[in-house]
Protein chains: 4
Amino acid sequence: MISQTTTSPGALTSDAAGLREASEGLHARYRAVRSMTRSIAAGIPAEDQMVQSCPDASPMKWHQAHTTWFFETFVLRPYLAGYRPLREEFRWLFNSYYNSLGEEAPEKHLRASLSRPSLEEVTAFRSHVDAAMENLLANSMNDEAARRVVLGLNHEQQHQELMLTDIKHAFFSNPLRPAYRAIRLTEACNVAPSEFRWHRFHEGVTEIGYQLDAANCLDFCFDNEAPRHKVYLESFGIANRAVTCREYLEFMADNAYTRPECWLSEGWETVRKQAWRAPLYWERDATDSTGWRIFTLRGWHPLSTLLDTPVCHVSFFEADAFARWRGCRLPSEAEWELAAKGSQIRGNLLESGRFQPAAAPGEGMDQLFGDCWEWTASPYTGYPGYMPLPGALGEYNGKFMSGQMILRGGSCVTPESHLRATYRNFFHPATRWQFTGIRLAA
Amino acid sequence: MISQTTTSPGALTSDAAGLREASEGLHARYRAVRSMTRSIAAGIPAEDQMVQSCPDASPMKWHQAHTTWFFETFVLRPYLAGYRPLREEFRWLFNSYYNSLGEEAPEKHLRASLSRPSLEEVTAFRSHVDAAMENLLANSMNDEAARRVVLGLNHEQQHQELMLTDIKHAFFSNPLRPAYRAIRLTEACNVAPSEFRWHRFHEGVTEIGYQLDAANCLDFCFDNEAPRHKVYLESFGIANRAVTCREYLEFMADNAYTRPECWLSEGWETVRKQAWRAPLYWERDATDSTGWRIFTLRGWHPLSTLLDTPVCHVSFFEADAFARWRGCRLPSEAEWELAAKGSQIRGNLLESGRFQPAAAPGEGMDQLFGDCWEWTASPYTGYPGYMPLPGALGEYNGKFMSGQMILRGGSCVTPESHLRATYRNFFHPATRWQFTGIRLAA
Amino acid sequence: MISQTTTSPGALTSDAAGLREASEGLHARYRAVRSMTRSIAAGIPAEDQMVQSCPDASPMKWHQAHTTWFFETFVLRPYLAGYRPLREEFRWLFNSYYNSLGEEAPEKHLRASLSRPSLEEVTAFRSHVDAAMENLLANSMNDEAARRVVLGLNHEQQHQELMLTDIKHAFFSNPLRPAYRAIRLTEACNVAPSEFRWHRFHEGVTEIGYQLDAANCLDFCFDNEAPRHKVYLESFGIANRAVTCREYLEFMADNAYTRPECWLSEGWETVRKQAWRAPLYWERDATDSTGWRIFTLRGWHPLSTLLDTPVCHVSFFEADAFARWRGCRLPSEAEWELAAKGSQIRGNLLESGRFQPAAAPGEGMDQLFGDCWEWTASPYTGYPGYMPLPGALGEYNGKFMSGQMILRGGSCVTPESHLRATYRNFFHPATRWQFTGIRLAA
Amino acid sequence: MISQTTTSPGALTSDAAGLREASEGLHARYRAVRSMTRSIAAGIPAEDQMVQSCPDASPMKWHQAHTTWFFETFVLRPYLAGYRPLREEFRWLFNSYYNSLGEEAPEKHLRASLSRPSLEEVTAFRSHVDAAMENLLANSMNDEAARRVVLGLNHEQQHQELMLTDIKHAFFSNPLRPAYRAIRLTEACNVAPSEFRWHRFHEGVTEIGYQLDAANCLDFCFDNEAPRHKVYLESFGIANRAVTCREYLEFMADNAYTRPECWLSEGWETVRKQAWRAPLYWERDATDSTGWRIFTLRGWHPLSTLLDTPVCHVSFFEADAFARWRGCRLPSEAEWELAAKGSQIRGNLLESGRFQPAAAPGEGMDQLFGDCWEWTASPYTGYPGYMPLPGALGEYNGKFMSGQMILRGGSCVTPESHLRATYRNFFHPATRWQFTGIRLAA
């Protein structure tokens, strides 16, 4: 893996050290996370921050307001005596989904119409809430408040990732195709990864899920990661790295996008309706030897310069079809978690500032964390004994347990301190605008 | 359970004895299954047999042709020397989905336009194929041919169920609301079921799935039921019977259809878009004490006369919401299978000729088979080591392993000899036109 | 024009003499019109009569019931003392649109679900109403009743045309592509029409519209044809015959279907969305020298055998684009009516039994009546002083005076006694399933 | 009519004198029109200028760029030797529809994604083109260039109106409902208009349309206003003023929005699908005596303060239904033009800076120009002998001659110098976001 902070171009200015100190105090962690959000949005004009280029995405400005709304609604209003909201309307204006709060939030597709509040007002809203939070954090806080701050920080980190995936789509949708960062990618790794290898695991009962320390209000996982529980796994093998663009090109060259037998029924229907012929962000380019170029947060790059990096922005349907075509399959989430057990949360993550998957550095178990979220074969359901959080906070995860697939591992735009081996991401199987890739199992 | 063959009104004329003899010979079983199909369609005018009243359904005439096409395409053409098809066009005309066969089948929504071939021609097609099958079955057959006959019979049994669910919807859609059978329901069971009880199971490793005897070409399960494999289950309880209309009315009376917190996000969206207020086939009726009446294959019945029968024609979203509202949950398919282990395949099935769920007869573990398919909490995926059948026959099940939920147990229109404890039915979570109900777990 | 009754294949059995006698008595006319409807439907199986293959069309069975409903609702119920309806439900079941009647008619797209009432019941309904009408017609009738009978007969004649256009579409939609009549077309006219010629008219004030004799209850026009009124026309020329398939092929060969500059904006959008490349019912056929074949009510015919017949089943958008491409335009309806003034209602009409446009016989002003309805450049609006009929009968025409274009002249499936030079037909500009063609103006 | 320039609040700063001088020189007129556009956009933040809140509308920023593109594409590139475009991409980026130009313009619904070019860049584009135009206008120009400048100025004036109608919709769509201008309306006219009176006209031949002086390159009309031609009109009466909100409330109070007999068939379908219950921009308000409030470019106003002003933002379907309900009809465009013959182009127009219809000042023939565009009963078609401009410029009007209705007179946001009595505006009959109202005829 490339050494991120020193060699990568245009790394974010957020103090990585600050994040490391997070364990020293919630206060420091609050500052670091909020600062990272500012850093991601820094220098992006207000007009760009208004764009909502597909129904899945939200404007960058909205993300900044909504994450702030979370702290105001769930922490400051109930726990900071005398707190005065900046504007009462923001209570419903920046709600995303939480039906239990009583007011109806504006419909998602209207977020692009939110020219008001202006970016300036949103920034003022952030400052207003930050000041109040400083006040709260500087003093003693009860456990429930602390738990909500931790949840709010994790929530904001999720939106940090979305800010980058959404602005990538926004810039791709703009006819002028601007870049988020001007400096182009340079590959630190010149050696093509060798053929992937299988890591083998024996059959038996294992445990997955997060064992939350209820006594420690700073211990955290999302409710859908708990409870920790036993599962029985057959013996399996899992690839040591993600599928590369080079490998995916073979699938395309074998006309897989035009052969129904490679696909799930709904996948094939999607391929036809959407006229998919390649991953999202790939575009024909006769000037490259591969015939393609790829749009990144650093602008266009010829595919030939990225052949050994993980294929990215593929849907579950494409991941599944690729695996079938290769005579393999996708791992289940339990298999993935077992394979990741004990690994450090390191990799090509947000802090690297690369914003694009990188080639696997070696021949070990690589790329588990970072680069791309990895589609699993597991539909998103509750673990045995799953209990959502009470009240509105419980609407966060359990509501969505139908029709979605689990992804594991994190991507090149996920904050490092946000991840765990037990982390469960989930999207509809046709989703492509996230940094989503493929790891094979057998 | 009511004693079906003697007391039920209008039982089908198919010889139940014939089905029992099935073990004695494939030939007899072929005749019995084909005869049951004729019996289901008997007396239904050609015009009624053309109706396709919703995208999920197909015309009754089409089902008869398609099941016949299966034998012609997969058995007679490859295995009966000198077989002459009745009409060459039927090869693609009555294909449903099998992409690998090379020709493109007519789009499903066009099945209502198939005035030609006429019902008379379809009947002639059935006779033509039956004659050739008699020829084949009377002589020795290789194992693969025999396997395909068994598969074809199971395929036809699935369509027997669909013939009844589809004609029910067709008659409901007709402004005159005709009945499939004229004789009305009479309840054999006057005793309301008592409050349901939990059957408890301990945690541990168990096995589910079907262990197919590869050496016996008459042994059968669908490919998605295999391989038999170990799973780890936490301890759980499962209800001794299905949820009744009476119990479901309480859920409705608590305004559950208007409260988002009861529902999965996609469920709530569906409720609003479809304006659901009750199960399918329920209609307001001021003349009944409950305020409702229910449309059955035997015409309208006041809900008050069916209060203790299982609630039916609910979607997964409604089953899930009901369970949540009751403070329970739906069973996983493994839990269901464990609970059904060792039970006989008996109950209110197609052969009873009731065509409508009946009240639970006692306080044991009832209604596992028959009455209603029971929604489970398990999304439909392949078992560990799942292998689809080779070629076009493999398109049957594996293709649909996304976005659907598992149902278990069979309904009042499922043929008895078609079921196994390992049987996996699956539908999209918004599906309601099937006989689908609820069993609770905890 | 070919001599229809003697040389045309498969002429309808309705007594043409009977229609001529219509002026002798309303009673005879009633019998003749009703008999023609029976003749059109004769021999068509009940299954074919249920098909509704596009939203514009209705099943043949429905047409027979709806036209009968008209007499029952507007004549028998109010004017025949002691009339007993066959079934009370038919009152709303076979209503098409008349909102004022109080009940809501079934939605149009559900007509294909009307397996009940069966064709047999519909035929019984026709007989029941015919018997009552015989009773009414045999006795004296007041003027309003007589007016409504005349309107009902004209209404039924409109549906006679629709029965044929709709069954043509139904058979075309059936994968087996059956023919309505088995006997194939033979061209009576072997001489290709010469280049068309312009008939010239001078500028000035003229009168159009029908001058209804209010004192004569048998005098008839639709309300939208009145009042007769003055219009000022610039000098103009109008072609002596309709545009032929040969001429339309030149337009296609000039790639007009791929050049936006030939089309109105909405026309171009329609061409792209519908992927139009030729008129409806044209299909590629490599075996014909033209590369095309045409589906008719008598089955497929190579285009090369129909080159000199009028192009048919084109939308207004195609007619308009063709005219622009030729450097011409379409006539206004006033121009058309002036050109048709004094012409006899003769031509290739329903009674010819050809059911397909025929080549122009000479060099005079030909094909005004019959062959194809001719798109005009006039949107459908009310004439100055237009008054709809009172009550439900007034919903017939005036309701539709937006978004539609006027067509003039009648087609090869319009009954002769139904037409007038002042007759105004109207359809949306994208409509193609009617027999619609092109006459140029300049 | 209120005296606009002195008493109206917040009048635009554009020099009205400058517009009057337009006849003195094209150069002065160019400056005045371009200055008016700047004035309309002045003070509107870049974020607001990006919003596209409905498919009909465009962002304010886009209007400024597109009108500038017109001069660059049709005037500077062909006629200014040595002209250097600011950015080559703008050639296709700001094209709206002109297919003949070769490149495909971005799809309209994507205009909201145009965060780049920024408002700043668009402003620079305007300056760049203005500088070049100054250069061109300061020197001699050939006639075709001058004609195109005049056309470009009229084009820009059309977009001035759209800038205001579109920003009104954008602000209405924003949950915070901001106002375009802060100062509220004050009624200059306290006297309610009396019952309207009919102006009567005799039947006969009259002339409508614009007689363009081909020799004078500064004479101008849109191609669809020519040629001047004769029409025959029956005698008619036309109302002396527009229908007021008070009168429209009676129509609403009579439940017209729920009675199908008041509506054209397509109108009724639209009412149901869109759930219309009142004009656009009306909202329930229990605090006003009328029960309604109205959103204006100056924010919310109680309906009770606007009762005597013309009803506005109604569709053709509503105008037509209102007229039918009143026992009247809408005028044809020829009737309107005859009634307006000889009237001065004066009224409540853009220059008044009111941005909202005002009460009729007296009892004469009022409100012909300004306040609201008036729906006519005439579909939009070409006049006899209509010839579009050659090439891409001809795509402007003729392309849209299907499915739209003519409006006459101009609105409170139309520039005075843009109008003529012969001016033909046109929109689809369901359009409501324009300032569109009703004048009755009989």
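Reader: How many residue pairs are in polar contact across the interface of chain A and chain B?
Author: The rule finds 10 such pairs across the interface of chain A and chain B, both residues being at pLDDT 80 or more. Keep in mind that this is a predicted model.

Reader: Which elements of chain A supply residues to that side?
Author: Strand 3 (229–233), helix 9 (265–274) and strand 10 (373–379) of chain A each give at least two residues to the side that touches chain B.

Reader: And where does the largest share come from?
Author: From strand 3 of chain A, with 4 residues on the side that touches chain B.

Reader: What is that side of chain A like by class?
Author: The side of chain A that touches chain B has 13 nonpolar residues, 8 polar and 7 charged.

Reader: How many salt bridges between chain A and chain B?
Author: The count is 0.

Reader: How much area do the two chains bury?
Author: Chain A and chain B bury about 2,200 Å² between them, and 53% of that is on carbon and sulfur atoms. The contact takes 28 residues from chain A and 28 residues from chain B.

Reader: Changing topic. What turn lays chain D on chain A?
Author: A turn of 180 degrees, with a shift of 0.0 Å along the axis; the RMSD is 0.0 Å. That is the relation of a two-fold axis.

Reader: Which residue of chain D comes closest to the rotation axis?
Author: Glu47(D), whose C-alpha is at 2.7 Å.

Reader: How much of the contact surface of chain D recurs in chain A?
Author: 100% of the contact residues of chain D recur in chain A, so the same surface serves both copies.

Methods:
Residues numbered from 1 in each chain as written. Chains lettered and ligands numbered in written order. Predicted model: local features only at pLDDT ≥ 70, side-chain atom pairs only at ≥ 80, totals over all residues. Heavy atoms only, no water. Contact = heavy atoms within 4.5 Å. Buried area = accessible area lost by both parts, 1.4 Å probe. Salt bridge = Lys/Arg side-chain N within 4 Å of Asp/Glu carboxyl O. Polar contact = N/O pair within 3.5 Å; in protein donor to acceptor, adjacent residues only side chain to side chain. Nonpolar A, V, L, I, M, F, W, Y, C, P; charged D, E, K, R; others polar. Least-squares fit on C-alpha atoms with pLDDT ≥ 70 in both.
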